[in-house]
Amino acid sequence: MSGRKKSTMLLVLLLLLLPVLVPALRVLQVQAHPDDETAFSSVLFKATHDLNATVDILVVTFGEGGYAHSFVADYVYHLDLGNEAVGRKHLPAIRKNEMECACSVLMCNHLYWLGQPDVKFTTNLTIVLKEWWNASLVQEQMKEILLQGNYDLVTNMLPSPDNHGEHQAASVLVLQAIQELPVANRPAVIGGTNPLTNYQAVPDYPATAAPPSWSWSFDRTQLLIPNDTISYEAIGGWDFGCHKSQGGLQIELAKGIVQKVEYYWNYDINSDEATTFISSFFDLLATIPFNVNRLH
């Protein structure tokens, strides 16, 4: 038997044995708005498609504050979505449907909606937690979902101070919720964003502490199949395309300014065991090939 045939047979055997060799992973992506998952699309897709992981997504708001970016989709939805009153009324239902589309692309299992208001862009974390959202309720809901879901890994947006205050708030609350869980029930947790030169924890929120630089990454430009032409950027493009009401995403995609690499930080609240688990997870993402035979 030729070396090439042996390699092919070993690859097929590995894919068949993967559910046995790798216990079913459970991942929860936590985000403030519909479309925030676009920052994590390659890792989430790779986890579901090739590691047979179960991925759920928790969205804190319905994203009605995105009306200012919605006028380009007026003809799609036959509504004057750029008008604040119209946009705030109709975008919750529209963006829920768009998020369902994104979940289909990423092969996600379940969507959780917490229904907090999406007010407007701000970098002021305090106003989100103290005035806009019922923070104690959100944190309690997150705890319940974490316990019920029995997750191995939680992903969220790194709460850097220049980020949207609602992004920061969603991450602060889930990190605090994880800290309140019994030690045996705490999932590993990572924060993703574009690379920063020197990340610093959010003042007064010690759960957000993490090293200045990222620990893991996933290159979206890598090809799904060696010597082919399609990269994981295609998955990101499909995800972006679901969110038609948010025209800015498509502009970023068209201009080629969408991040080429997903970067992830290791929060200090992770135990040594959790950190080892996360490293093993990213090693698997880098090792397990794209499953060309998966149809669902």
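Modeller: A crossing of two helices is left-handed if the near helix is turned anticlockwise from the far one by less than a right angle, and right-handed if clockwise. This is a predicted model, in which local features need pLDDT of at least 70, side-chain atom pairs count only at pLDDT 80 or more, and totals for chains, interfaces and linings use all residues. Residues are numbered from 1 along each chain as its sequence is written, and side-chain values use heavy atoms, without hydrogens and water.

Biologist: Which hand does the crossing of helix 6 and helix 7 have?

Modeller: Helix 6 and helix 7, which are DSSP runs (H or I, at least four residues) numbered from the N terminus, cross in a right-handed way. The axes of helix 6 (residues 135-149) and helix 7 come within 9 Å and cross at roughly 55 degrees. The two helices are therefore oblique, being outside the ranges under 35, over 145 and 65 to 115 degrees.

Biologist: Which residues make the contact?

Modeller: With contact meaning heavy atoms within 4.5 Å, the residues include Val138, Met142 and Leu146 of helix 6 and Ala170, Leu173 and Val174 of helix 7. By class, this contact has nine nonpolar, two polar and two charged residues.

Biologist: What lines the largest cavity?

Modeller: A cavity is a set of points on a 1 Å grid over the protein atoms alone where a 1.4 Å probe fits but cannot get out, and lining residues have an atom within 4 Å of a point. Here the lining consists of Val30, Gln31, Ala32, Asp36, Met157, His167, Ala170 and Ser171, and helix 7 (165-180) gives the largest share, three residues.

Methods:
1 Å grid on protein atoms, 1.4 Å probe; cavity = no way out; pocket = protein on both sides within 12 Å on 5 of 7 lines; lining within 4 Å. Axes fitted to C-alpha atoms, helices over the stretch in contact; angles between N-to-C directions. Nonpolar A, V, L, I, M, F, W, Y, C, P; charged D, E, K, R; others polar.
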